[in-house]
Amino acid sequence: MRALHETARKTLDPVRYDYVAGGAGEERVLADNERAFDRYALLPRVLRGSGTRDTSAALPGAPRTAPVLVAPTAFHRLVHRDGERATARAAAAEGAVLVTGTAATTAVRDVVAAAREAAPDPAVWFQLYPHPRREVTAALVRRAEDAGCTALVVTVDSPVFGRHTRDLRNGFTDLPPGYAAENMRGLPGTGPDALTDIPMSPAARWPDLTETLRGTSLPVLLKGVLHPDDARLAVEHGAAGVIVSNHGGRQCDAVPAALDCLPAVAGAVAGRVPVLLDGGVRRGSDVAVALALGAAAAGVGRPVVWGLAAEGETGVRRVLAALREEYDHTLALCGGRRNADLTADMVVRKGGTW
Ligand SMILES: Cc1cc2nc3c(=O)[nH]c(=O)nc-3n(C[C@H](O)[C@H](O)[C@H](O)COP(=O)(O)O)c2cc1C
Ligand SMILES: CCCCCCC(=O)C(=O)O
């Protein structure tokens with residue numbers, strides 16, 4: 001996986017590379033997301049018969065899926081000409097949920113169609129940036145439903161854009177000519193080919209979530225939850241899942257590592273809905289730590305984009321396959337046969353006692 005990142009770094013235009021690699025502020029949270037995994041160690045159990053393993057996870061709209069999913073990342077055509085279509089085919093072929101998003105450079109119907117080229121029944125979720133104009137949000141939700149998405153992911157950690165230091169330095173504020181957020185074409189209030197901006201919604205409150213939930217029959221997960229009380233509120237408002245995430249260190253540069261927030265969120269949710277995590281997941285043992293600490297699945301953002309940039313569909317497949325195989329191997333080494341066999345007592349702080 002390091003090799004794919006290195007190839008992507010060498011081949012991508014530096015401004016595009018920085019857009020993907022960078023984070024907010026001094027990039028402290030970005031660095032801490034990965035470092036957090038180094039603070040934990042796995043404490044295997046023995047003689048438990050880990051011979052035949054089943055690593056599938058049950059998630060909303062994805063009853064039997066890999067425990068590693070593709071987190072939503074914007075603008076895939078910026079790094080590879082095949083863009084989100086290649087990512088979709090790769091995720092479907094590897095049996096992983098793909099979260100495509102509002103800011104994709106390929107329309108959601110074309111993303112789902114590409115996924116169906118690789119697998120008959122792929123799970124594609126749609127990440128929604130709720131728009132301040134309700135009718136625009138409703139139209140985006142309808143597009144996702146019509147395309148065949150099986151869940152919605154509402155990103156709630158972005159009342160305003162994060163200040164991405166590298167983008168500000170590079171003057172990267174707009175997509176280059178020839179690229180567009182295709183889901184934003186022909187929305188209410190514009191002509192059929194016109195593009196609507198993606199502003200954030202700083203005024204959004206919990207009742208807006210209720211309205212989104214009422215407007216769809218799809219399960220809705222909330223992405224960007226760090227506080228256990230917000231996780232409780234999410235469940236009380238009817239969310240079908242909670243994604244512990246700090247947006248890969250791209251929003252507030254003073255929050256904890258995503259992994260460090262996971263145990264409290266999992267405790268607050270108490271098994272009522274699945275809890276997922278993204279941020280800093282780079283190897284199969286990271287997936288194992290996340291699952292042991294209460295996640296039902298772990299998301300990866302940048303590694304998938306590096307795979308796409310380096311080798312297109314093949315590169316994304318290599319990233320997902322490596323994570324799956326490493327995770328399966330780690331599960332076996334920890335004496336587990338199923339994901340649920342990884343429990344919180346099997347994770348310790350490095351250098352500490354238990
Ligand atoms: C280039 C890039 C674009 C992203 N775009 C979105 C987005 O459009 N919507 C969203 O909810 N999260 C977005 N994210 C955040 C990811 O979904 C995810 O939370 C993060 O990348 C996980 O951290 P990781 O990159 O360390 O795996 C983006 C992240 C990156 C790196
Ligand atoms: C104007 C489009 C907004 C895209 C935001 C993408 C994103 O979330 C990121 O972190 O970058």
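This briefing describes the fold, the nonpolar core, one loop residue and the surroundings of two ligands.

The model is predicted, so that local features need pLDDT of at least 70 and side-chain atom pairs count only at pLDDT 80 or more, while totals for chains, interfaces and linings use all residues. Residues are numbered from 1 along each chain as its sequence is written, and chains are lettered from A and ligands numbered from 1 in the order in which they are written.

**Overall fold**

- The protein has 12 helices and 12 strands, where helices (H or I, at least four residues) and strands (E, at least two) are DSSP runs numbered from the N terminus.
- The radius of gyration is 19 Å, which agrees with the value near 20 Å for a compact globule of 354 residues; the radius is taken over C-alpha atoms, and the globule rule is 2.2 Å times the number of residues to the power 0.38.
- Along the principal axes, the C-alpha atoms fill a box of roughly 65 × 45 × 45 Å.
- Of contacts between residues at least 6 apart in sequence, 75% join residues at least 24 apart, a contact being a pair of C-beta atoms, placed from the backbone, within 7 Å.

**Burial and core**

- Buried residues make up 52% of the 354 residues; a residue is buried if 20 or more other C-beta atoms lie within 10 Å of its own, exposed if 12 or fewer, and partly exposed in between, with C-beta atoms placed from the backbone.
- The largest nonpolar core (buried Ala, Val, Leu, Ile, Met, Phe, Trp, Tyr and Cys residues joined through C-beta atoms within 7 Å) has 114 residues, and those with the most contacts inside it are Val242 and Val244.
- Helix H12 (residues 302-333) gives the largest share of this core, 12 residues.
- Beyond its neighbours within four places in sequence, Val244 is in contact with several residues, including Val225, Ala258, Cys261 and Leu277.

**A loop residue**

- Ala340 lies in the loop between H12 and strand S12 (347-349), and Ala340 is exposed because it has 10 other C-beta atoms within 10 Å.

**Ligand surroundings**

- Around ligand 1 there are 24 residues, the closest being Ala71, Thr155, Gly248, Gly301 and Arg302; a residue is near a molecule if its C-beta atom, placed from the backbone, lies within 6 Å of it.
- This shell around ligand 1 divides into 9 nonpolar, 11 polar and 4 charged residues, with Ala, Val, Leu, Ile, Met, Phe, Trp, Tyr, Cys and Pro counted as nonpolar, Asp, Glu, Lys and Arg as charged, and the others, Gly among them, as polar.
- Ligand 2 is surrounded by Ala74, Ala103, Ile198, His247 and Arg250, a shell of 3 nonpolar, 1 polar and 1 charged residues.

Note on methods
Two residues are in contact if their C-beta atoms, placed from the backbone, lie within 7 Å.
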